[in-house]
Amino acid sequence: MQAPGSPTIQSVSETSPAYPPTTRSPLEAALERVGDRWSLLLVDALLGGGRRFGELREGLPGLAPNILTERLRRLEREGIVVATPYSTRPPRMEYSLTGDGRDLASALRLLADWGSRRDEQGEPLRHDRCGTPLEARWYCPTCASAVSDRETDGRETRNL
(Lines give C-alpha, C1' and ligand atoms only; values in the text may rest on other atoms or scores of the structure.)
Protein backbone atom coordinates (compact mmCIF):
# COMPACT_ATOMS: atom_id res chain seq x y z
CA MET A 1 0.00 0.00 0.00
CA GLN A 2 1.24 3.46 -0.91
CA ALA A 3 1.82 6.06 1.81
CA PRO A 4 -0.48 9.13 1.67
CA GLY A 5 1.14 12.01 -0.16
CA SER A 6 3.84 9.90 -1.81
CA PRO A 7 4.22 10.15 -5.59
CA THR A 8 2.44 7.62 -7.77
CA ILE A 9 4.80 5.24 -9.54
CA GLN A 10 3.82 4.40 -13.10
CA SER A 11 5.50 2.14 -15.58
CA VAL A 12 7.11 3.68 -18.64
CA SER A 13 4.40 2.28 -20.89
CA GLU A 14 1.70 3.86 -18.71
CA THR A 15 3.25 7.31 -19.02
CA SER A 16 4.04 7.19 -22.72
CA PRO A 17 1.35 8.66 -24.95
CA ALA A 18 2.78 6.77 -27.92
CA TYR A 19 1.59 3.39 -26.68
CA PRO A 20 -1.82 2.88 -25.09
CA PRO A 21 -1.69 0.73 -21.91
CA THR A 22 -2.93 -2.33 -23.83
CA THR A 23 -0.21 -2.10 -26.50
CA ARG A 24 3.32 -3.40 -25.96
CA SER A 25 6.23 -1.27 -27.02
CA PRO A 26 8.73 -2.81 -29.45
CA LEU A 27 11.25 -3.10 -26.61
CA GLU A 28 8.73 -4.94 -24.41
CA ALA A 29 8.01 -7.36 -27.28
CA ALA A 30 11.73 -8.05 -27.77
CA LEU A 31 12.36 -8.55 -24.06
CA GLU A 32 9.44 -10.94 -23.84
CA ARG A 33 11.16 -13.16 -26.41
CA VAL A 34 14.72 -13.07 -25.04
CA GLY A 35 14.75 -10.79 -22.02
CA ASP A 36 16.91 -12.72 -19.64
CA ARG A 37 20.63 -12.86 -19.07
CA TRP A 38 21.18 -16.49 -20.04
CA SER A 39 19.28 -16.25 -23.31
CA LEU A 40 21.34 -13.27 -24.40
CA LEU A 41 24.59 -14.93 -23.35
CA LEU A 42 23.60 -18.05 -25.31
CA VAL A 43 23.04 -15.97 -28.44
CA ASP A 44 26.46 -14.41 -27.89
CA ALA A 45 28.03 -17.86 -27.42
CA LEU A 46 26.57 -18.99 -30.75
CA LEU A 47 27.97 -16.05 -32.72
CA GLY A 48 31.02 -18.04 -33.78
CA GLY A 49 28.95 -20.88 -35.19
CA GLY A 50 27.15 -24.01 -34.07
CA ARG A 51 27.84 -25.43 -30.62
CA ARG A 52 26.90 -28.62 -28.86
CA PHE A 53 25.22 -28.71 -25.46
CA GLY A 54 28.43 -29.59 -23.62
CA GLU A 55 30.34 -26.81 -25.34
CA LEU A 56 27.69 -24.30 -24.35
CA ARG A 57 27.68 -25.58 -20.76
CA GLU A 58 31.48 -25.25 -20.56
CA GLY A 59 31.42 -21.80 -22.14
CA LEU A 60 28.83 -20.46 -19.69
CA PRO A 61 29.97 -21.40 -16.19
CA GLY A 62 27.24 -20.91 -13.63
CA LEU A 63 24.46 -21.91 -16.02
CA ALA A 64 22.77 -25.04 -14.65
CA PRO A 65 22.10 -27.77 -17.23
CA ASN A 66 18.32 -27.65 -16.67
CA ILE A 67 18.28 -23.88 -17.26
CA LEU A 68 20.45 -24.31 -20.37
CA THR A 69 18.00 -26.88 -21.73
CA GLU A 70 15.01 -24.63 -21.01
CA ARG A 71 16.63 -21.54 -22.59
CA LEU A 72 17.67 -23.46 -25.71
CA ARG A 73 14.14 -24.81 -26.14
CA ARG A 74 12.67 -21.33 -25.65
CA LEU A 75 15.07 -19.76 -28.15
CA GLU A 76 14.22 -22.53 -30.59
CA ARG A 77 10.46 -21.90 -30.16
CA GLU A 78 11.09 -18.19 -30.74
CA GLY A 79 12.94 -18.92 -34.00
CA ILE A 80 16.26 -17.56 -32.76
CA VAL A 81 18.12 -20.88 -32.49
CA VAL A 82 17.85 -24.02 -34.58
CA ALA A 83 18.75 -27.45 -33.24
CA THR A 84 20.28 -29.90 -35.72
CA PRO A 85 20.77 -33.54 -34.70
CA TYR A 86 24.29 -34.89 -35.01
CA SER A 87 23.55 -38.22 -33.31
CA THR A 88 20.36 -40.25 -33.10
CA ARG A 89 21.43 -42.75 -30.41
CA PRO A 90 21.48 -41.10 -28.02
CA PRO A 91 19.79 -38.03 -29.51
CA ARG A 92 22.30 -35.14 -29.54
CA MET A 93 21.92 -31.69 -31.00
CA GLU A 94 24.07 -28.90 -32.28
CA TYR A 95 22.64 -25.42 -31.82
CA SER A 96 23.13 -22.49 -34.16
CA LEU A 97 21.59 -19.08 -34.78
CA THR A 98 18.84 -18.53 -37.34
CA GLY A 99 18.61 -15.32 -39.38
CA ASP A 100 16.58 -13.77 -36.57
CA GLY A 101 19.25 -14.90 -34.12
CA ARG A 102 22.00 -13.24 -36.15
CA ASP A 103 19.91 -10.04 -36.27
CA LEU A 104 19.59 -10.17 -32.48
CA ALA A 105 23.33 -10.76 -32.21
CA SER A 106 23.93 -7.47 -34.02
CA ALA A 107 21.93 -5.67 -31.35
CA LEU A 108 23.88 -7.51 -28.65
CA ARG A 109 27.16 -6.32 -30.15
CA LEU A 110 25.92 -2.76 -29.64
CA LEU A 111 24.99 -3.52 -26.04
CA ALA A 112 28.36 -5.19 -25.41
CA ASP A 113 30.18 -2.22 -26.93
CA TRP A 114 28.17 0.14 -24.73
CA GLY A 115 29.15 -1.93 -21.70
CA SER A 116 32.82 -2.02 -22.65
CA ARG A 117 32.95 1.76 -22.97
CA ARG A 118 31.73 2.07 -19.38
CA ASP A 119 34.04 -0.57 -17.91
CA GLU A 120 37.42 0.56 -16.62
CA GLN A 121 39.18 -2.35 -18.37
CA GLY A 122 36.79 -2.45 -21.32
CA GLU A 123 37.78 -1.75 -24.87
CA PRO A 124 35.40 -0.49 -27.55
CA LEU A 125 35.09 -2.33 -30.84
CA ARG A 126 37.81 -1.12 -33.21
CA HIS A 127 38.30 -1.08 -36.95
CA ASP A 128 40.86 -3.78 -37.82
CA ARG A 129 42.51 -1.67 -40.52
CA CYS A 130 43.19 1.57 -38.60
CA GLY A 131 42.36 0.82 -34.94
CA THR A 132 39.78 3.59 -34.58
CA PRO A 133 36.88 2.89 -32.17
CA LEU A 134 33.74 2.15 -34.16
CA GLU A 135 30.50 4.10 -33.88
CA ALA A 136 27.03 2.71 -34.53
CA ARG A 137 24.86 4.71 -36.93
CA TRP A 138 21.38 4.38 -38.35
CA TYR A 139 21.58 3.98 -42.12
CA CYS A 140 18.90 4.40 -44.81
CA PRO A 141 19.61 2.07 -47.74
CA THR A 142 17.17 3.93 -50.02
CA CYS A 143 18.88 7.29 -49.49
CA ALA A 144 22.32 5.68 -49.07
CA SER A 145 23.08 7.91 -46.10
CA ALA A 146 23.56 7.91 -42.34
CA VAL A 147 20.52 9.12 -40.39
CA SER A 148 20.63 11.07 -37.12
CA ASP A 149 18.36 10.22 -34.18
CA ARG A 150 16.25 13.32 -34.77
CA GLU A 151 15.57 12.16 -38.34
CA THR A 152 13.94 8.91 -37.18
CA ASP A 153 10.29 8.51 -36.27
CA GLY A 154 11.45 7.85 -32.69
CA ARG A 155 9.58 4.59 -32.09
CA GLU A 156 12.62 2.68 -30.94
CA THR A 157 13.39 5.08 -28.07
CA ARG A 158 10.00 6.33 -26.88
CA ASN A 159 9.78 3.97 -23.95
CA LEU A 160 13.39 4.05 -22.83
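This report walks through the fold, the sheet, the helix packing and a few buried residues of a predicted model.

## The overall layout

Let's start with the big picture. The protein chain has 160 residues, and buried ones make up 21% of them. In terms of secondary structure, there are 6 helices and 5 strands. Reading from the N terminus, the order is α-α-α-β-α-α-β-β-α-β-β.

How much of the contact map comes from residues far apart in sequence? Take the contacts in the protein chain with a separation of 6 or more: 44% of them link residues 24 or more positions apart.

## The three-stranded sheet

Now for the strands. Three of them, in the order β1-β3-β2, make an open sheet with antiparallel pairing. That leaves β1 and β2 at the edges; each has a single partner strand, so one side of each has no neighbour in the sheet.

The two pairings can be taken in turn. Strand β1 covers residues 51-52, strand β3 covers residues 91-97, and 2 bridges hold this antiparallel pair. Here Arg52 has Glu94 of β3 as its bridge partner. On the other side, strand β2 (residues 81-88) runs antiparallel to β3, and 7 bridges join the two. Within that pairing, Val82 sits opposite Ser96 of β3. β2 and β3 also make a hairpin, with 2 residues between them.

## Helix α3 against α6

On to the helices. Helix α3 (residues 37-45) and helix α6 (residues 99-117) have axes that come within 9 Å and cross at roughly 105°. The two are therefore roughly perpendicular to each other. On the α3 side, the contact is made by Leu40, Val43 and Asp44, while α6 brings in Gly101, Leu104, Ala105 and Leu108. Sorted by character, the residues of this contact come out as 5 nonpolar, 1 polar and 1 charged.

Gly101 of α6 deserves its own look. Is Gly101 buried or exposed? Its relative accessible area is 0%, so Gly101 counts as buried. Leaving out residues up to four places away in sequence, Gly101 touches Val43 and Ile80. There is also a C-alpha distance to note: Gly101 and Glu76 are 25 residues apart along the chain, and their C-alpha atoms are separated by 9.8 Å.

## Helix α3 against α5

Helix α3 has another packing partner in α5: the axes of these two are 10 Å apart, and the angle is about 75°. That makes α3 roughly perpendicular to α5. Which residues meet where α3 packs on α5? From α3 they are Trp38, Ser39, Leu42 and Val43, and from α5 they are Ile67, Leu68, Arg71, Leu72, Arg74 and Leu75. This set divides into 7 nonpolar, 1 polar and 2 charged residues.

Val43 turns up in both places, then: α3 uses Val43 in its contact with α6, and Val43 is also on the list for α5.

## Asp36 and Arg71

Just before α3 comes a charged residue worth a stop. Asp36 is in the loop between α2 (26-34) and α3. Why does Asp36 count as buried? Its relative accessibility is 14%, and the cut-off for buried is under 20%.

What does the side chain of Asp36 reach at 3.1 Å? The answer is the backbone nitrogen of Trp38. The Asp36 side chain also makes a polar contact with the side chain of Arg71, at 2.9 Å. With neighbours within four places in sequence set aside, the residues in contact with Asp36 are Arg71 and Arg74.

Seen from the other end, Arg71 belongs to helix α5, which spans residues 65-77. Arg71 is buried as well, at a relative accessible area of 16%. Again setting aside neighbours within four places in sequence, Arg71 is in contact with Asp36, Trp38, Ser39 and Leu42. Trp38, Ser39 and Leu42 are residues of α3 that take part in the meeting with α5. Asp36, in the loop between α2 and α3, adds its polar contact with the Arg71 side chain.

Methods. Residues numbered from 1 in each chain as written. Predicted model: local features only at pLDDT ≥ 70, side-chain atom pairs only at ≥ 80, totals over all residues. Heavy atoms only, no water. Pairing = 2+ DSSP bridges. Helix = DSSP H or I, 4+ residues; strand = E, 2+ residues; numbered from the N terminus. Axes fitted to C-alpha atoms, helices over the stretch in contact; angles between N-to-C directions. Parallel < 35°, antiparallel > 145°, perpendicular 65-115°, else oblique. Contact = heavy atoms within 4.5 Å. Nonpolar A, V, L, I, M, F, W, Y, C, P; charged D, E, K, R; others polar. Buried < 20%, exposed > 50% of the residue type's maximum accessible area, 1.4 Å probe, protein only. Polar contact = N/O pair within 3.5 Å; in protein donor to acceptor, adjacent residues only side chain to side chain.
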